[in-house]
Amino acid sequence: MISNGKPSTINIILDGKEVEVPAGINLVEAAGIHGTEVPHYCYHPQLSVAGNCRMCLVEMGTPMRDRATGEAVLDENGIQKIGWVPKPVIGCGTNVSPGMHVKTKSSMVTESREGIMEFLLVNHPLDCPICDQAGECRLQEFATDYGRGYSRYVERKNVKPKRTKLGPRVTLDDERCILCSRCIRFCQEVVDDDVLGFVDRGSFSTLTCFPGKELSNNYSLNTVDLCPVGALTSTDFRFKMRVWFLKESPSICVESSAGSNILVSSREGKIHRITPRRNDSVNDSWMTDSGRVLYKKVSSDSRLLSASVSGNASSLTEAISAASEMFKDKKLGVVGSCKSSVEEQYLLNKLSKNLKAKKFLRGHFGKDDGILLSADRTPNLRGNLVTGFSNKYPSDQLSDLSISIQKKQVNALLVIGEDLSESGVDLEDLKSIPIVFLGTHQNATADFSDVVIPTLTSFEKSGSFINRSFRLQSFKQAIPGPVGLLPDLHVIASLINALCEDAEQSSDLASIWKQMSKSRTNPLHGLIFSKIPGDGLQLDGSKWNSLPFIEKKAMHFSPLKQLQKSKI
Amino acid sequence: MAKTVVLQRKPLSLSERTYLPQIVTGLKTTFSNMFKGKVTLQYPEEKPNIPKNYRGIPTLVKDPNGREKCVSCQLCEFVCPPKAIRITPGAVPESEDDREHVEKAPQEFEINMLRCIYCGYCQEVCPEEAIYLQDEYSLSGYSRDEMINKKEKLYELGGTLPDQHYKWDKKKNAEDEGNDH
Amino acid sequence: MFDFEMLFMIGLKVLFALLMIGAVMTMAGYSVLAERKVSAWMQGRVGPNRTVLPLVGYVPFAGKFLKGMGMFQPLADGLKFLFKEEIIPGHVNKFYYNLAPIVALVPALTTMTVLPFGEFFADNGESFPLMLANLEVGILFILAVSSLGVYGIVLAGWSSNSKYPFLGGIRSSAQMISYELAMGLSLLPIFLWVSEPGTGAMGLSLVDIVDSQKQSPWLLLVQPLSALIFLIALFAETNRLPFDMPESETDLVGGFHTEYGGFKFGIFFVAEYAHIVVGSAIFTIVFLGGWHFMPWMSDPWPATWIGSLIGVGWFLAKTIFLIFFFIWIRWTLPRFRYDQVMNLGWTKLLPLALINLIFYVCLVTWLDQPPA
């Protein structure tokens, strides 16, 4: 229903009030736009309509026309009659049409919902005290709205398997399943990995994997989020924490350049799970399973927790001053990172420029799955381009660094998180020069660095990333960092202030953005950090179209888009 | 049609203004109280009668089969106004035949008695009737650590509740026998 | 020989003084017990009833009774104060901080040197008052010295270098000054009344005041208003409820002694009760006929040493009743607000005392007119 590139709107009468809605959407969405919730289980905006839960029943009528002549049928007052459908219709399967009348609050609708709820609850176990979904369970919510409060069902409830392992990460409690088929549709439509289906009939219907298959794709945990009840549970999160204790903070997944929007659920500074956050231009409502376990790195054993100078633990300030002392009058090389935030890359670039340091950058690449795991396994490669730290596409080797050291063009090194021993640099060369390592985790480079300054993970700091389609997305601190550690921005700013004359670099995000958005030629021109919308901001990346970006076509991303743009 | 009437206070007489007669009345009252006998208890030797609905130390109880009732739903932790309760939930391992169907049980259950205000919300909210404020009211310890009641202590204080629900027994039966259609 | 006699006399005086101190301190200690017991009874409680000496507890009836009455409590309290750690906060002025309790206690104990508490009948029928020093101007001495006690409180409040004690000290000095005036003025009519011309009786001598009440109405009956004003001022001067401004637990934590603990606090405590004991004794002497039996009646006891003892006992009984009265008032009346204390002192008691004085000046002048 899109014409002239603009979505057209039509008027419908919702609960007796004329409202404007986009043409072509269904009644659940239309009511939702105007603040009326039509309860539903099986309908999901990003999946096909199945219409099997019957919870979204509404009353619907259209203006009457004579079938033979096509003329409007008028009542005695000369107003067009409304032909009400005698029985309620499902809101998810009915699209709006001009002049349509919809009742979402009539007694028939309420009775229908109460009837449906009673049937859904007939065999539903009284598991709420131990059910992980409790607190974010649609069945629980609508049971309080439309439930009877007691059961008229005197027979014994159906017994079904309580802990079927559908796959390595998903456990199914069949008794709780209300047969909405969202998980089945998700696997078919989004992942194209058709493994789930219903077997048996009537109240014996059971969700299972097809024989010989299991739900093991990298998106299997999305079925847990999709499940409106507690039937599909995450084996990792199962029985760990009740959801009402969790603080949800919006963040960005750092797994790959797809930049999935996520919610970080934490309690008292400990992350318990990561779930996708809906963003219709990036990741819809999905994310990878492999991205969900990244929170475990926050408290992993290899985490760097205290600064050290030549192997001895020291305070952060001592380490910073030792580092700046080391860099004095040296030909500095800076190894940046595609995992740093835009702001960090900007400061690092500033430091390099002021000290006339040589800049190096390494990419990390893997296989593209065509959905939300892109071949570029860093969240912010494009940030380096936008901030000017690099102007060419990085390779996954740093062979030029070796050459620079051998040619004595570089005799001191600042490394941001990168493991140099993996990137083809000769270890003997590295050991000959002083190295300062900034990073969150222990690696071979940190082991032989002269100064190690621990920094924070993306969950513990704020900043922004630029994803594969040049979309600028901000993330906010979700949990406090380990005791005594400061954000990378602070460390880099202190280095700038110590090493550059007359430098008064602030580590405050707002003031960094002020400096960063000054340049007119920069895509970030005129932006303010706090004004970056929750669903991100599309930047113009056409400037870099000639670079050999590695990502393939995937969800909400096509590599050609940029090329097309440049042609226009 | 409420009407506001300003009442004039009766002017005090001279003797009233010296307050002396009132003081004498007060002295009479306190003096007569001296002979009224004590209303207090000699505490450690004499103990008060604890009413049935008394809210003493919160404890965890076991069902008549001697199994723990708590399923670590953490509702008490949520409802606790001073945040005295801390539960670490855990799954019941499948090796435990007689209660693996309960699925969830607390790994650790701590009630910080330095924080507890004996409001009884935890007892009221518990869906499994596993936590009770019992008649014990006197507790003391030498360290803060001692004042945090751990799971073992809570069950020791709580004992067994002889109720007749047998919820989990029924559940187990249904699981073993299936249902008849 | 002369020297020996002199030494003997001095030794005797020191012995008497020690006895007196012992008596007053014991009374102060037991006043504390009385305070606790009486308050307990008035509030339907039992009060201290657990302290007992090792063997005394086994004495069949008396042991149990004494334990129940808490008779050994003052001993335990005193020992507790003595053995407690002496804590001196870091922020205090150490010299004055240590001096303050002494300054508070010494006046309370000094005043009793001039307190007569009975009479001794010599073989020749003459009677001498029982006291450490028969000062002609005893009452002036008492007024002068007892008001020095405020320095202890002010010093404690100031040297503690902390806000609540400071407020307590300030309140105390203001209160003392306010009520000192009314107190002195209320006593003037007594002096006028006692020093009848021609009798040689000195109105300023406590002994003469007591003697003037022998076989005649007590001065309480003659000058009730003076007695009332003096009593109220006495309450204020001893910082007793309803006038315990310097301490006022509810708003000043502990008032002037907030920063004190252990034995130093104990000294303040004892000084306060010693003040009460001495104050009660003075009131007994001035208004209640001292050791004399009843108004208008001659003493029913023989003029021998037995009579002396009974007289002293009678004097003590009156004093103890007054101490009880102090306690009784404390558990009856709530504390005044600070402004009410000032208001009462300056706008009520002072004018009243002046009017009272003028009235008695006129009355005495009229009475003393030589018959025309």
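Which residue of β8(A) does Gly61(A) stand opposite? In this predicted model, the residue across from Gly61(A) is His101(A). Local features are taken only at pLDDT of at least 70 and side-chain atom pairs only at pLDDT 80 or more, whereas totals for chains, interfaces and linings use all residues. Numbering starts from 1 along each chain as its sequence is written, with chains lettered from A and ligands numbered from 1 in the order in which they are written.

That pair belongs to a set of pairings made by strand β5 of chain A, residues 57-63. Strands here are DSSP runs of E with at least two residues, helices are runs of H or I with at least four, and both are numbered from the N terminus; two strands count as paired if DSSP finds at least two bridges between them. β5(A) meets β8(A), residues 101-103, in the antiparallel sense over 3 bridges. Another 3 bridges tie β5(A) to β6(A), residues 82-84, again running antiparallel, and here Pro63(A) sits opposite Ile82(A). With β7(A), residues 89-90, β5(A) makes 2 antiparallel bridges, and Leu57(A) has Ile90(A) as its bridge partner.

Stepping back to the whole chain, chain A holds 15 helices and 26 strands, and its C-alpha trace spans about 95 × 55 × 40 Å along the principal axes. Of its 568 residues, 45% are buried, a label given when 20 or more other C-beta atoms, placed from the backbone, lie within 10 Å of a residue's own (exposed means 12 or fewer, partly exposed anything in between). Contacts, meaning C-beta atoms placed from the backbone and lying within 7 Å, reach well along the sequence: among those in chain A with a separation of 6 or more, 65% link residues 24 or more positions apart. The domain assignment, from an automatic or database source, splits chain A into domain 1 (2-105), domain 2 (128-137 + 149-245) and domain 3 (308-567). The centres of domains 1 and 3, taken over C-alpha atoms, are 52 Å apart.

A small open sheet of chain A runs in the order β14-β15-β16, with antiparallel pairing. Its edges are β14(A) (247-252) and β16(A) (270-276), each pairing on one side only. Neighbouring strands are turned by 30 degrees on average, direction ignored; axes are lines fitted to C-alpha atoms, for helices over the stretch in contact, and angles run from 0 to 180 degrees between N-to-C directions. β15(A) (261-267) and β16(A) share 6 bridges, and Arg267(A) stands opposite Lys270(A).

Helix α13(A), residues 488-499, has 12 residues and reaches 16 Å from first C-alpha to last, close to the 16 Å expected, the expected span being 1.5 Å times one less than the number of residues. Its buried residues include Asp488(A), Leu489(A), Val491(A) and Ile492(A). The buried residues of α13(A) pack against α7, α8, β22 and β23 of chain A.

As for the other chains, A and B share the most contacts of the 2 pairs of chains in contact. That contact draws 15 residues from chain B and 12 from chain A, with β2(B) giving the largest share of chain B's side, 3 residues. Chain B's side has 7 nonpolar, 4 polar and 4 charged residues (Ala, Val, Leu, Ile, Met, Phe, Trp, Tyr, Cys and Pro count as nonpolar, Asp, Glu, Lys and Arg as charged, the others, Gly among them, as polar). Chain B also touches chain C, 11 residues against 9. Chains A and C do not touch, and their nearest C-alpha atoms are 33 Å apart.
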